[in-house]
Amino acid sequence: MGIKDKALAFGKRFKLDSHHAIERFGVFFGIFAVMGLVVVAGSGAAAFKAGSDAVSHTALYNTEFTSSKTQLKGTVDGVYTNHTGNRALVMMHFPASAAISYNAADYQAFLLGTNDQLQTEKVSTSGIRGTFHVFGSTGYVGVLLDADRPFDRQVLNLTVRANAELTYDERQQSRDDQVVGDSSFKKYDQWRVIINPGASGTTDIPALDAASFDPARAYYDVVLKTQEQQTRDKLDQKLLAMRTSLKQVESYTSDLATTKVDGLFLRPPAVPTSIAGDQVAGASAAEAKDGKATLELKTGHVVPGGFDFNWRAGNVYDGYLDTLVPAGKGYVQFLADKRAEGSDSTSQQVSDMKWVLSDGTDLKKDYRSSDVTMRPLTNVMNNLSQAYQDYGKAKSEYQSGLLLELLGLDVKLRDVQSNSTANSAGDFLTVYH
């Protein structure tokens with residue numbers, strides 16, 4: 001039996017032929033791990049699945065990484081592209097507290113190809129150029145790749161090196177002795193990301209279709225837009241809860257006139273000034289014919305530390321603070337002044353409400369709470385009081401909690417706009433062509 005025949009028999013015996021892609025992946029994965037070609041100290045990279053389907057669709061093969069010397073753990077958010085397919089952004093982030101350099105000049109990168117035999121090969125896409133971006137002090141960093149033409153469907157090994165080590169792991173020396181694979185991971189602080197920017201699994205973002213790269217727009221598209229939608233959903237849910245509480249207030253107020261004990265009934269109490277006249281107008285997404293919610297709070301009172309603005313009409317990228325901050329004052333001072341306004345007094349105002357009966361007596365002062373004869377009136381009082389409390393709490397969370405959360409995203413974007421750095425030097429990226 002010839003060498004070729006033996007190889008074919010071996011492949012069939014261990015299911016490595018073209019009809020057993022999944023089994024072949026398992027064997028390749030084992031070889032990959034042993035050889036340490038991808039899973040090296042600090043890389044955090046996972047092996048990729050061999051086969052044309054995976055190469056066609058999978059854009060990212062590892063979502064986590066660890067720097068080889070400082071042992072900083074990070075996350076790969078994704079591989080983002082433009083519609084043409086010749087520009088890709090690999091977005092990563094460290095915890096905000098991680099000691100990393102915010103100077104993009106302190107980083108460099110290397111790009112190599114990897115075939116389905118898990119061997120290093122040349123990058124097939126021509127004319128790839130790279131820049132490194134640090135998105136302010138958010139902990140987010142990214143490698144932007146530009147090519148002369150759309151990226152080929154090829155698995156690429158992107159290694160990012162941090163030339164400035166701002167932390168030290170005391171276990172580093174003992175760990176260096178166990179490093180497997182590329183010796184540069186012992187010498188330099190670096191990590192590896194396995195990507196395929198030519199795959200169909202990438203995500204298109206508007207920032208990459210612009211003529212010039214705007215880090216703030218990219219940060220909004222990748223990070224803030226999702227967070228903004230989550231906050232908007234919470235705002236809508238809170239408005240629904242507030243509307244429900246106001247309906248309860250209306251219902252329980254009507255009960256005051258119809259609930260009587262021996263001819264006595266409760267007179268409507270004075271509504272707390274912090275919520276008097278409030279309305280929640282509009283429709284929820286489920287109620288609207290076009291599926292777009294229009295709920296809004298109409299109020300003449302803003303709780304301490306809270307805000308009142310039309311958040312539906314804008315977005316975080318366009319910014320909200322410019323319309324809120326008074327002329328001549330910075331947004332930092334504006335927000336600091338808001339924090340100093342104190343706490344909401346609605347709950348105390350509700351507790352202090354006077355519950356006067358039709359004969360002028362006070363239900364809380366002149367009758368015992370255990371008096372069963374007055375229980376129908378006591379129940380009405382408690383129901384209405386609780387509805388006011390629920391509404392006041394929800395309003396405070398809406399104005400001083402969720403709207404502030406939305407403005408917090410605006411502040412993050414301003415950090416990126418003011419403090420981002422970029423490394424566009426010609427020697428930043430080394431490509432193995």
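**Close-up 1. S345, a partly exposed loop residue in a predicted model.** S345 has a relative accessible area of 36%, so it falls into the partly exposed class. Look for S345 in the loop between α8 (331-339) and α9 (346-351). Which residue, 71 residues apart from S345 along the chain, has its C-alpha atom 7.9 Å away? That's S274.

**Close-up 2. R87 and D146, a salt bridge between two strands.** Here the closest N and O atoms of R87 and D146 are 2.7 Å apart. The pair ties together distant parts of the chain: R87 belongs to strand β3 (residues 87-93), while D146 belongs to strand β7 (residues 140-146). Along the chain the two are 59 residues apart. Buried or exposed? Both R87 and D146 are buried.

**Close-up 3. R217 and D221, a salt bridge within one helix.** Both partners sit in helix α6 (residues 215-258), four residues apart, or about one turn of the helix. Their closest N and O atoms are 3.0 Å apart. The two ends don't get the same label: D221 has 10% relative accessibility, so it counts as buried, whereas R217 comes in at 21% and is partly exposed. The cut-off for buried is under 20%.

**Close-up 4. K329 and D337, a salt bridge with two partly exposed partners.** The closest N and O atoms of K329 and D337 are 2.8 Å apart. K329 has a relative accessible area of 33%, so it's partly exposed, and D337, at 30%, is partly exposed as well. Elsewhere, D322, D410 and R414 are joined into one network by salt bridges that share partners. The whole model has 14 salt bridges. As a reminder, side chains of opposite charge can pair when their charged atoms come close.

**Close-up 5. Q71, a loop residue with a positive phi.** Most residues other than glycine have a negative phi. Q71 isn't a glycine, yet its phi is positive, near 60 degrees. You'll find Q71 in the loop between β1 (64-66) and β2 (73-81). Its relative accessible area is 23%, which means Q71 is partly exposed.

**Close-up 6. D262, an exposed residue with a positive phi.** What is the phi of D262 near? The value is near 55 degrees, a positive one in a residue other than glycine. D262 is in the loop between α6 and β11 (279-281). With 78% relative accessibility, D262 counts as exposed, because the cut-off for that class is over 50%.

Key. Residues numbered from 1 in each chain as written. Predicted model: local features only at pLDDT ≥ 70, side-chain atom pairs only at ≥ 80, totals over all residues. Heavy atoms only, no water. Salt bridge = Lys/Arg side-chain N within 4 Å of Asp/Glu carboxyl O. Buried < 20%, exposed > 50% of the residue type's maximum accessible area, 1.4 Å probe, protein only.
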